[in-house]
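Work through the exercises below with the structure open beside you. Try each task before reading its solution.

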Amino acid sequence: PPGKFDLIVSNPPYIPSKEVEALDPVVKNHEDVRALDGGSDGMDIIRTILREGPSLLNPGAELWMEVDPTHPEMIEDELQKEGLDGLEFLEGIKDFGGLYRYVRLRNRV
């Protein structure tokens with residue numbers, strides 16, 4: 001259908017609010033706080049993406065996001081707990097430092 005995507009890549013605000021002040025000054029002093037602060041657990045915008053993503057994606061299309069290392073497990077739980085069956089959690093992906101910093105999801109709808 002027109003207006004839908006085969007792939008969405010997102011770097012949403014994902015830093016928990018209490019951690020924003022402790023960020024490296026290079027980041028904290030040069031980025032708008034709205035681009036960093038993801039709410040109390042860093043998942044505010046991510047939850048919106050999980051709810052709205054399926055309506056923006058073609059069937060079988062993928063959604064990739066950069067996230068906090070604590071988020072892949074939270075996202076898996078969120079998809080199950082909230083009955084968000086439009087997206088399937090495929091994998092958490094580690095960065096070069098060995099931290100889970102990315103998630104790969106697939107649209108089931």
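The exercises deal with a sheet, a helix and one side chain.

This is a predicted model, in which local features need pLDDT of at least 70, side-chain atom pairs count only at pLDDT 80 or more, and totals for chains, interfaces and linings use all residues. Residues are numbered from 1 along each chain as its sequence is written, and side-chain values use heavy atoms, with hydrogens and water left out.

**Exercise 1.** Find the order of the strands in the open sheet.

Solution. Step 1: strands (E, at least two residues) and helices (H or I, at least four) are DSSP runs, numbered from the N terminus. Step 2: two strands pair if DSSP finds at least two bridges between them. Step 3: the order is β1-β2-β4-β3, with mixed pairing. Step 4: β1 (5-10) and β3 (87-94) are the edge strands, each pairing on one side only.

**Exercise 2.** Determine the sense in which β1 and β2 pair.

Solution. Step 1: strands of a sheet pair through backbone hydrogen bonds, either parallel or antiparallel. Step 2: β1 and β2 (residues 57-66) pair in the parallel sense, over five bridges. Step 3: Ser10 stands opposite Met65 in β2.

**Exercise 3.** Is Asn107 buried or exposed? Then list its side chain's partners among backbone oxygens.

Solution. Step 1: Asn107 is found in strand β4. Step 2: Asn107 counts as buried because its relative accessibility is 2%; buried means under 20% relative accessible area, exposed over 50%, partly exposed in between (1.4 Å probe, protein chains only). Step 3: the side chain of Asn107 reaches the backbone oxygen of Leu57 at 2.9 Å. Step 4: a polar atom of that side chain lies 3.4 Å from the backbone oxygen of Pro54.

Notes
Polar contact = N/O pair within 3.5 Å; in protein donor to acceptor, adjacent residues only side chain to side chain.
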